Each structure stands twice: as structure tokens, then as C-alpha cells.
Amino acid sequence: MRLTVFGATGGIGRELVGQALTAGHQVTAVVRDLSRLTVTGERLEVFTVPRMDQPDALRPAVAGREAVLSALGPRGRAQVGVAASLTTVVLRAMEAEGVSRFLAVSAAPLGPVPERETLALRLLTPIVSRVLRAHYDDLRAMEEQLRRSATEWTAVRPPRLLDRAGTGRYRTAVGASLRGGAAIARADVAHAMLAMVDDPATVRQPVAVAY
């Protein structure tokens, strides 16, 4: 497939680009700082854009693609709010080019509390949600934009992210949350997203992913 990856220099974004290339896809990586992109490959096209607030500037990066994958998000507290604002621009560029499939990284706490959730997570989740309230509010706004859009979207909701090798073994739940889903490697989030690209069951749905 011809795929475009936004947030390609982040932890999940780099995994998306690398795994997609390994799988034989043609990948366009959208970056603002080329020096941060460490992935290379014959089927890789790098689209450098200094700013991401103009949909017209992003249209060449998404034109003719089968799917767009986004790992956009803040690198720190000062950037909280970028998930919603940048996703709006990407969606407008996609709609202008008639590209419909869109997958974005969200977060597990946006989903409902699972039945019979473990005691540890019942106690910990509200605390984390309060501490990271601004971050999750940003993601809620992003998901609301997805629901209002004409795209065939999927919001991928991982829990705590780990910097470790992927296993290819994890659980997913379409439109629901996962009991005991406390963590997952960024590499496995990327693996799951790529597997969902052509899965019709995930279209216009949030999908939880965790070990």
C-alpha cells in the first residue's frame, strides 16, 4: 500500500515507518526536522514541512494514498493541544484529496472502565487521568474531530507506552476497553495499527490495544 505517516520522528511514528517499509509498503514520512528521522529505505519518501498549520501544504503528502497514520502528539507539557489542532489540519488535507482511511494514536483512559477491572488499575487510572488531564482533554478533542469527519477513522488507544522490542503478541478490543491492560511497547502499537489499516471492523471505532 501507499501510506503516509505523520509524527514520523516520534517513538511510535518511527516504528510505523520502519515496520511498514519492512512489510513492503511505500511510505511517505512527514517531518518538520529531517535530522530526527533515523529510518531509511528504498520505498521511503520524506516530506519535509516547516509548519503544519496549512492544509494545502500537506495535500501533496496525502494525495493518492490508501491510508494515513498519525502518531502526532506533544513532546512535553508545553505542546499539549497539538494532537487536536494538527489532526484538524491533516483531516482537511485528506478530505481535499479524497483520502478516507485514517488511523490515529489516542490513549486507553479515554475508554470506559472495563468490567471487573483489576484493583490496581481501578485505583491508578483516576490518579493518572487527573495528572494528565490536559493531555487527555486534547485527545478527547481529537477523537471528537474524527467522529465529525468524513474519514474512515480508527482511534487506537494504548495504555502506558514502553520502549522495548515488539512481541507481535497483544490484545485488542474494538469499541471497548481491555481488563488489566496496563502497558504495551510502542513497537507493538505500530504493529497493531498497520494490521488495522485494511480491517473493516475497526473503521469509525476506537480500538484498545494492550498486553
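**Close-up 1. Helices α2 and α3 are oblique to each other in this predicted model.** The two helices, α2 and α3 (residues 82-97), pack at an angle of about 60°, with their axes 8 Å apart. Because angles under 35 degrees count as roughly parallel and 65 to 115 as roughly perpendicular, a value of about 60° falls in the oblique class. The crossing of α2 past α3 is right-handed. On the α2 side, the contact is made by Pro55, Leu58, Arg59 and Val62. On the α3 side, Val89, Val90, Arg92, Ala93, Met94, Ala96 and Glu97 take part. Sorted by class, the contact of α2 with α3 has eight nonpolar and three charged residues, and no polar ones.

**Close-up 2. An open sheet is formed by eight strands.** The strand order is β3-β2-β1-β4-β5-β6-β10-β8, and the pairing is mixed. Strands β3 (44-48) and β8 (171-174) stand at the edges; each has a single partner strand, so one side of each is left without a neighbour in the sheet. From one strand to the next, the twist averages 20°.

**Close-up 3. Strands β1 and β2 pair in the parallel sense, and helix α2 lies across both.** Five bridges link β1 (residues 2-6) with β2 (residues 26-31). Arg2 stands opposite Gln26 in β2. Helix α2 (residues 55-62) lies across β1, β2, β3 and β4 (67-70), and runs at about 140° to β1.

**Close-up 4. Thr4 of strand β1 is buried.** The relative accessibility of Thr4 is 0%, so this residue counts as buried. Leaving aside neighbours within four places in sequence, the contacts of Thr4 include Thr28 and Val30. Thr4 is also in contact with Ala61, Val62 and Arg65, and with Ala67, Val68 and Leu69. Val62 is also one of the α2 residues in the contact with α3.

**Close-up 5. Strand β6 pairs in the parallel sense with β5 and with β10.** The pairing of β5 with β6 extends over five bridges, and that of β6 with β10 (residues 205-210) over four. Val156 in β6 is the bridge partner of Val105. In β10, the bridge partner of Val156 is Val207, while Arg157 stands opposite Ala208. β6 is mostly covered, with five of its six residues buried.

**Close-up 6. Helix α5 packs on the sheet.** The helix, α5 (residues 133-148), touches β5 (101-105) and β6 (152-157). The direction of α5 makes about 155° with that of β6.

**Close-up 7. Strands β8 and β10 run antiparallel.** They are joined by four bridges. Val174 stands opposite Val207 in β10, and Val207 is also the bridge partner of Val156. β10 is mostly covered: of its six residues, five are buried. The strand β8 stands at an edge of the sheet.

**Close-up 8. Arg204 has a positive phi.** The value is near 55°, in a residue other than glycine. Arg204 is placed in the loop between α6 (186-196) and β10. With a relative accessible area of 37%, Arg204 is partly exposed.

Notes
Residues numbered from 1 in each chain as written. Predicted model: local features only at pLDDT ≥ 70, side-chain atom pairs only at ≥ 80, totals over all residues. Heavy atoms only, no water. Pairing = 2+ DSSP bridges. Axes fitted to C-alpha atoms, helices over the stretch in contact; angles between N-to-C directions. Contact = heavy atoms within 4.5 Å. Buried < 20%, exposed > 50% of the residue type's maximum accessible area, 1.4 Å probe, protein only. Parallel < 35°, antiparallel > 145°, perpendicular 65-115°, else oblique. Left-handed = near helix turned anticlockwise from the far one by under 90°. Nonpolar A, V, L, I, M, F, W, Y, C, P; charged D, E, K, R; others polar.
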